[in-house]
Amino acid sequence: MKNVKKCIFMPKNEIERLKLKKLRYILRYVYERCLFYRRLFRENGIDVYSIKTVDDLRKIPFTTKKDLRNSYPLGMCCVSKDKIVRIQMSGGTTGKPVIVPYTKKDVEQWKEMVLRAFYIAGITSRDIIQITPAFGLWNGGFGFHFAAEEIKAFIIPIGPGNTRNQIRFMVDFGTTVLCATASYPLRIAEVALEMGYDPGDLPVKKMLLGAEPWSDAMRKQIENTFKALTYDIPGLTEMGGVGTIGFECALRKGIHVWEDNYIVEVVDPETGEVLEEGEEGELVYTSLNREAMPLIRYRSGEVSAVVSREKCECGIEHMTIERIKGRTDDMIVYKGIKFYPSDIEQILASHGVRHYRIEVGRDVKIIFECENEDISDAIERDIREFLGFKPKIEPVPFKTLDRFDGKAKRLYRV
């Protein structure tokens with residue numbers, strides 16, 4: 001764990017030195033080993049040796065999920081099959097799957113990134129860690145498991161679903177750390193009450209939540225309900241899995257990106273132009289330490305902005321980005337106004353709403369469960385004031401809407 005601490009609190013000058021050294025290496029590595037990138041560089045007249053700074057990366061076209069699908073199964077892999085120890089699959093329900101191969105070194109890199117998160121959150125061998133994301137082709141639970149095993153913690157690899165059993169195990173084994181999708185704790189709280197448990201009396205003290213955007217207002221709901229601390233743990237399979245790209249510190253002012261492993265750019269989703277600090281756009285990743293399938297300027301579809309490149313008060317000198325707001329394909333454009341489901345959630349959650357549905361067609365309809373009082377007027381007023389449009393509002397009785405054991409589906413295009 002000493003090495004983990006050293007990497008977390010690496011000085012800025014060392015971060016920049018390593019970043020440039022690794023960038024030059026990884027570009028030559030993919031040029032020599034990956035036909036896709038060799039063709040990309042040649043077709044665009046790019047001399048790989050001319051890329052010497054982060055700004056020079058802009059000369060290189062983006063890599064997209066379509067490129068990964070077209071390369072199925074292992075067309076963008078940089079190693080032979082005998083070096084691959086596992087594969088995972090990225091999201092998407094249509095067309096060819098997106099396969100991400102791993103070498104032993106890649107698995108170790110994934111584990112190291114999650115160990116950094118554990119260190120910052122103060123998770124140790126004394127903890128009992130309940131892992132609720134899936135174990136399978138979707139990468140969900142594995143990163144947590146690898147790191148928990150490394151620190152010799154008590155692991156409950158329960159996976160998704162069967163919420164009553166999840167709660168029973170929390171009580172019987174004394175779970176102190178919950179790893180889950182961001183919306184799942186509120187489902188756990190609901191079922192716990194049905195079983196006669198006060199969620200605040202459960203032994204869980206810390207939660208590592210990710211896999212979907214969640215607002216600050218939802219965070220407040222979860223923490224007040226469980227009397228526990230929550231941490232946002234982002235990451236995507238194409239970059240190695242959940243927990244790889246960064247983590248938030250105790251100050252929780254954004255995500256610290258592990259710049260010794262990833263270069264992050266924020267671009268305009270429509271023009272591809274690199275945006276300035278503070279401007280919201282699409283995150284583009286370049287992986288510096290991956291071995292089987294490093295990606296250069298990969299368009300993630302995630303929406304965020306650079307908060308700061310300066311040293312955080314916590315002592316971390318890696319850059320800080322905003323928590324993921326949503327995905328570019330989740331953006332809603334209504335009467336010229338652009339917003340994301342998380343913008344709606346922030347307002348709903350501030351009024352105590354936990355379960356909701358957004359229907360987008362000719363109009364925008366927001367359906368939410370309201371148990372005791374009709375708060376429709378206040379919600380409509382806040383949406384009109386903060387987002388600039390008037391939606392259709394439909395309060396419904398408690399337990400009307402669907403419940404989810406994994407990622408919650410909030411947006412429906414009708």
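What covers the buried residues of α8? The cover includes α7, β5, β6 (206–210) and α9 (216–226). This is a predicted model.

**Helix α8**

Helix α8 spans residues 184–194 and is mostly covered. Nine of its 11 residues are buried. Tyr184, Pro185, Leu186 and Arg187 are among them. So are Ile188, Ala189, Glu190, Val191 and Ala192. Charged residues thus appear in this buried set, including Arg187 and Glu190. After α8 comes Gly196, with a positive phi near 95 degrees.

**Gly174, after α7**

Gly174 sits in the loop between α7 (163–173) and β5 (177–181). Both of these elements also help to cover the buried residues of α8. Leaving out residues up to four places away in sequence, Gly174 touches Ile128, Phe169 and Pro203. Glu212 is 38 residues from Gly174 along the chain, and their C-alpha atoms are separated by 27 Å.

**Salt bridges**

How many salt bridges does the structure hold? There are 32. In general, side chains of opposite charge can pair when their charged atoms come close. Three of the pairs are set out here.

| Pair | Closest N to O | Place of the partners |
|---|---|---|
| Glu270 and Lys338 | 3.4 Å | loop between β10 and β11; strand β17 |
| Lys325 and Asp343 | 3.4 Å | loop between β14 and β15; helix α10 |
| Arg384 and Glu380 | 3.3 Å | both in helix α11 |

Take Glu270 and Lys338, which form a salt bridge. The pair links distant parts of the chain, 68 residues apart. Glu270 lies in the loop between β10 (262–267) and β11 (281–287). Lys338 belongs to strand β17, residues 337–339. Is Glu270 buried or exposed? Its relative accessibility is 66%, so Glu270 counts as exposed.

Lys325 and Asp343 also meet in a salt bridge. This pair joins distant parts of the chain too, with the two positions 18 residues apart. Lys325 is in the loop between β14 (320–321) and β15 (326–327). Asp343 is in helix α10, residues 341–350. The two ends have their own accessibility classes. Lys325 is partly exposed, because its relative accessible area is 23%. Asp343 has 17% relative accessibility and therefore counts as buried. The cut-off for buried is under 20%.

Arg384 and Glu380 pair within one element. Both lie in helix α11 (residues 376–386), four residues apart, about one turn of the helix. Arg384 is partly exposed, at 40% relative accessibility.

Some salt bridges join up. Lys12, Glu16, Lys19 and Glu259 are linked in a network of them.

**A negative patch**

Which residues form the negative surface patch? They are Glu273, Glu276, Glu277, Glu279 and Glu310. Glu273 is found in the loop between β10 and β11. Glu270 lies in that loop as well. Glu273 counts as exposed because its relative accessibility is 52%; the cut-off for exposed is over 50%.

**Val353, a buried loop residue**

Val353 is in the loop between α10 and β18 (356–360). At 5% relative accessibility, Val353 is buried. What does Val353 contact, leaving aside neighbours within four places in sequence? Its partners are Gln221, Leu348, Phe368, Glu369, Ile375 and Ile379. Phe368 is 15 residues from Val353 in sequence, and their C-alpha atoms are 7.0 Å apart.

**Backbone details**

Several backbone features deserve a look. Tyr72 and Pro73 are joined by a cis peptide bond, with omega about 5 degrees. Pro73 is in the loop between α4 (65–70) and β1 (84–89).

Asn162 has a phi near 50 degrees, a positive value in a residue other than glycine. Its place is the loop between β4 (154–156) and α7. Asn162 is exposed, at 51% relative accessible area.

Lys227 likewise is not a glycine, yet its phi is positive, about 55 degrees. Lys227 lies in the loop between α9 and β7 (229–232). With 58% relative accessibility, Lys227 counts as exposed.

Key:
Residues are numbered from 1 along each chain as its sequence is written. This is a predicted model: local features need pLDDT of at least 70, side-chain atom pairs count only at pLDDT 80 or more; totals for chains, interfaces and linings use all residues. Side-chain values use heavy atoms; hydrogens and water are left out. Contact means heavy atoms within 4.5 Å. A salt bridge is a side-chain nitrogen of Lys or Arg within 4 Å of a carboxyl oxygen of Asp or Glu. Buried means under 20% relative accessible area, exposed over 50%, partly exposed in between (1.4 Å probe, protein chains only). Patches are made of residues with over 30% relative accessible area and no salt bridge: like charges are joined within 9 Å, nonpolar side chains (Val, Leu, Ile, Met, Phe, Trp, Tyr) within 5 Å. Accessible areas come from the Shrake-Rupley method with a 1.4 Å probe; for residues, only the protein chains shown count as cover. Lys and Arg count as positive and Asp and Glu as negative; His and the chain ends are not counted. The place of a charge is taken as NZ of Lys, CZ of Arg, CG of Asp or CD of Glu.
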